[in-house]
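Q: Please take one part of this structure and look at it closely. How does it pack against what surrounds it, and what lies further along?

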Amino acid sequence: MAFNEKKPPEHASVGGKALRWVDHRFPLSTLWNDQWGKYYAPKNFNFWYFFGSIALLILALQIVTGTFLVMHYKPDAKLAFASVEYIMREVPWGWLVRYAHSTGASAVFIVIYLHMTRALLYGSYRKPRELVWLFGFGNFLCLMAEAFFGYLLPWGQMSYWGAQVIVNLFGAIPVIGPDLALWIRGDYVVSDATLNRFFALHIIGIPLVLLGMVTAHLIALHEIGSNNPDGIEVKDNLGADGFPLDSLPSHPYYTFHDLFGVSVFLVMFSAVVFFAPEMFGYFLEYNNFLPADPLQTPAHIAPTWYFTPFYSVLRATTADFMYVLMGATALYVTFIWFKSRLSFKVKAGIAVLALLAAGCMLPQVMDAKFWGVVLFASSVLVLATLPWLDHSPVKSIRYRPRWHRLLYAAFGLSFLILGYLGTQLPTPGKTLVAQGCTLLYFGFFLLMPWWSAAGTFSKVPERVTFSPH
């Protein structure tokens with residue numbers, strides 16, 4: 001036959017013949033087997049491993065609901081808010097599509113934060129999965145950009161003023177800041193030009209990059225293999241068939257495992273969509289049900305909850321706090337000088353850079369707003385450095401000293417407190433708490449090379465620990 005195509009058996013079903021026809025022209029079965037069907041994963045996965053597949057489900061849900069919303073949305077400053085109201089009131093089932101999309105925006109960050117927590121607990125960012133982590137971090141940045149650009153589209157009060165505040169942050173960058181902020185807005189204020197730019201990036205630009213990053217993340221993961229709660233490389237123990245002894249084919253085992261997690265998620269997701277889509281003003285702010293008014297500033301401007309931990313870091317960086325940062329920088333450099341094994345030249349270079357930075361931290365030299373933007377960006381970007389900061393001889397928290405768990409708990413608590421404070425009106429007391437949590441947040445990462453290797457570690461078993469149920 002043409003192209004040396006083998007004739008399918010006469011008894012093959014219509015579906016089987018069609019699959020063979022496709023496989024001869026496109027490696028459909030090969031891709032399925034490599035990426036899922038015959039991809040062997042550790043057999044001791046627990047509930048923490050639900051969140052990767054749930055994140056993919058939400059991504060698909062956002063694409064579908066977003067597509068239907070775009071059919072009726074008008075990216076025009078005079079029509080945007082009214083078009084959202086039209087979707088809610090006039091389009092058949094439009095309210096359901098809009099609430100599913102808005103709830104999905106918050107749900108994806110809840111799931112991603114839990115997904116990252118699992119990686120932190122079990123050391124899934126450690127060698128040889130550094131690239132998997134970096135691709136995942138790229139996904140996180142894309143989601144933040146996607147959420148930010150989409151936040152302006154309803155053209156409500158909080159959308160408008162939230163975008164105004166965030167874009168103005170870029171203006172704090174020396175030399176290029178004002179021009180950069182102007183370029184992002186497309187105007188001197190948030191206007192119709194800004195709305196059109198954000199709409200294009202939210203609908204086309206960022207999703208294309210995000211889909212590419214998700215694909216790269218999955219390919220890198222399946223090339224190296226999944227981590228597990230014990231942090232053991234299952235590929236080190238192969239059976240006679242060449243597959244790891246402590247692993248299972250993803251299909252059908254983890255297909256049904258993930259379907260259970262997806263089912264539970266969909267029940268909870270549906271409950272929010274049908275009964276509490278605003279989620280007490282956290283998922284949909286009450287000010288956003290008012291049309292944008294450039295002449296009336298809301299009493300309290302804050303981003304959506306999933307940005308508030310980093311926003312709190314920004315707000316905590318006051319002129320008085322700069323002196324605390326100068327002292328913390330001096331102590332950290334001193335610690336590095338006496339405790340690190342770096343060469344003298346490297347230590348001297350770090351000391352010189354720290355001295356220059358401390359000089360620039362003086363309020364008379366550089367505005368605290370600039371350093372707030374620096375810490376705001378650093379609080380996100382520091383996550384990418386985890387594979388090189390963690391020097392623990394084991395991956396999983398199961399085999400680390402118990403006091404390490406207290407540090408993880410303190411870090412998680414500080415993140416949650418920062419997130420809560422970011423939704424509240426700033427007061428001197430709350431600002432002080434935010435400043436303490438900011439120091440704790442950065443201290444967790446900057447001191448990790450030392451504390452992660454300290455203490456008495458438990459012996460890691462040669463095979464994964466697993467109890468069938």
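A: The answer begins with helix 3 and its two packing partners, then turns to the partners' surroundings and to the nonpolar core.

The model is predicted, so local features need pLDDT of at least 70, side-chain atom pairs count only at pLDDT 80 or more, and totals for chains, interfaces and linings use all residues. Residues are numbered from 1 along each chain as its sequence is written, and side-chain values use heavy atoms, with hydrogens and water left out.

Helix 3 spans residues 51-70; helices here are DSSP runs (H or I, at least four residues, while strands are E, at least two), numbered from the N terminus. Two packed helices are described by the angle between their axes and the distance between the axes. The axes are lines fitted to C-alpha atoms, for helices over the stretch in contact, and the angles run from 0 to 180 degrees between N-to-C directions.

One partner is helix 9 (residues 192-224), which packs with helix 3 at an angle of about 160 degrees, the axes being 12 Å apart. The two are therefore roughly antiparallel to each other, on a scale where under 35 degrees is roughly parallel, over 145 roughly antiparallel, 65 to 115 roughly perpendicular and the rest oblique. Helix 3 passes helix 9 in a left-handed crossing (left-handed if the near helix is turned anticlockwise from the far one by less than a right angle, right-handed if clockwise). On the side of helix 3, Leu56, Leu59, Ile63 and Val70 make the contact, and helix 9 supplies Phe199, Ile203, Leu210, Leu211, Val214 and Leu218; contact means heavy atoms within 4.5 Å. By class, this contact holds 10 nonpolar, no polar and no charged residues. In that scheme Ala, Val, Leu, Ile, Met, Phe, Trp, Tyr, Cys and Pro are nonpolar, Asp, Glu, Lys and Arg are charged, and the others, Gly among them, are polar.

The other partner described here is helix 10 (residues 250-275), whose axis lies 9 Å from that of helix 3 at an angle of about 50 degrees. These two helices are therefore oblique to each other, and helix 3 passes helix 10 in a right-handed crossing. Here Ser53, Ile54, Leu57, Ile58 and Leu61 of helix 3 meet Asp258, Gly261, Val262, Phe265, Leu266 and Phe269 of helix 10. This contact divides into eight nonpolar, two polar and one charged.

Helix 10 and the loop between helix 10 and helix 11 (308-316) also hold some backbone details. A cis peptide bond, with omega about 10 degrees, joins His251 and Pro252, and Pro252 is placed in helix 10. Met279 lies in the loop between helix 10 and helix 11, and its phi is near 50 degrees, a positive value in a residue other than glycine. Phe280 is in that loop too, with a positive phi near 60 degrees. Phe280 is exposed, with a relative accessible area of 67%; buried means under 20%, exposed over 50% and partly exposed in between (1.4 Å probe, protein chains only).

A wider view takes in the largest nonpolar core, which has 109 residues. Such a core is a set of buried Ala, Val, Leu, Ile, Met, Phe, Trp, Tyr and Cys residues joined through side-chain atoms within 4.5 Å. Phe109, Phe140, Trp155, Tyr441 and Phe445 touch the most other members, and helix 5 (residues 94-122) gives the most to this core, with 13 residues. Not counting residues up to four places away in sequence, Trp155 touches residues including Phe81, Tyr160, Leu195 and Pro291.
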